[in-house]
Amino acid sequence: MDMSTLFSLRGRTALITGGSRGIGLMIAKGFIAQGAKVYISSRKAEVCDAVAAELGDACVSLPMDVSTVEGCKALAAAYAKHESQLDILVNNAGAAWGEPFETFPEKGWDKVMDLNVKSPFFLSQAFYPALKAAASDGRPAKLINIASIDGLRLNPWETYSYQASKAAVINLTRRMAARLVEDDINVTAIAPGAFPSEMNRAARDHGDAISSAIPGKRIGRDEDMAGVAIYLAARSGDYVIGETIAVDGGVVYASLSGSWDTE
């Protein structure tokens, strides 16, 4: 057993949607630190380009709106101009919508479900040939979906489509894992808790207050998210298939206080 390379990503390529900020950026930095060449994608081209430039030569910007099937196919085509295969795909791009039950709009349902559930499936489908080309019996390709602990338990906010979408991602991960393992592609998911980001402004702006409801007594740090993503992406995670890992300081599985705010 070569423990020195257990968490190495040297020589591997990765593509991360929503990779220019928040959890996607945390993962991108971690992958680069472990030797991967990382392609980041986000809807805003100028932001994506600027972040890639900051991350250095190991990072390439591929801006794209992946909220449609056409956008998913276009991103795969853009990637194919650079690489013939893909070792790691991270489906991280997502959206949330909060509004009272009585007034919750159709657009708040469709936008969230399309980006959070439909897009990960069709992006994975678009990148299937590249993932399959990279995969082998001795070194599986990795497909990592970013879910949420809100797919595992309730929060007190009226985020109907968001909670439904993240529960769907967890079950979609299992279904995809059962099929793609035949091609040496391991599918897993991460369910983040409170990490500071534009989407999770409560953790970003009120970290001390949120921390008081977390068994681990703090909000998530960049290295917490990077660590579990590296584990799944590297040799260390080769025997993990279909699993969703909660990274939340114990909120889901070690909490006695019930629901709390992740939005």
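Which residues form a nonpolar patch on the surface? They are Phe101, Trp109 and Tyr160, as the first legend shows.

**View 1. Phe101, Trp109 and Tyr160 make a nonpolar surface patch.** Together they have about 330 Å² of accessible area (Shrake-Rupley method, 1.4 Å probe, with only the protein chains shown as cover). To join such a patch, nonpolar side chains lie within 5 Å, with over 30% relative accessible area and no salt bridge (a Lys or Arg side-chain nitrogen within 4 Å of an Asp or Glu carboxyl oxygen). Trp109 sits in helix H4, residues 106–134 (helices are DSSP runs of H or I, at least four residues; strands are E, at least two). Trp109 counts as partly exposed because its relative accessibility is 37% (buried is under 20%, exposed over 50%, partly exposed in between).

This is a predicted model, where local features need pLDDT of at least 70 and side-chain atom pairs need 80 or more, while totals for chains, interfaces and linings use all residues. Residues are numbered from 1 along each chain, and side-chain values use heavy atoms, leaving out hydrogens and water.

**View 2. Tyr39 and Tyr79 meet edge-to-face.** Ring centres within 6.5 Å make a pair: stacked under 30 degrees between planes, edge-to-face over 60, tilted for the rest. Here the centres are 5.0 Å apart and the planes at 75°. Tyr39 is in strand E2 (residues 37–41) and Tyr79 in helix H3 (residues 69–80), 40 residues apart. Both Tyr39 and Tyr79 are buried.

**View 3. Tyr79 also pairs with Phe127.** Their centres are 5.6 Å apart with planes at 65°, so this pair is edge-to-face. Phe127 is buried, at 1% relative accessible area. Tyr39, Tyr79 and Phe127 form one aromatic cluster.

Definitions and conventions: Patches are made of residues with over 30% relative accessible area and no salt bridge: like charges are joined within 9 Å, nonpolar side chains (Val, Leu, Ile, Met, Phe, Trp, Tyr) within 5 Å. Buried means under 20% relative accessible area, exposed over 50%, partly exposed in between (1.4 Å probe, protein chains only). Rings of Phe, Tyr and Trp (its six-membered ring) pair if their centres lie within 6.5 Å; planes under 30 degrees apart count as stacked, over 60 as edge-to-face and the rest as tilted.
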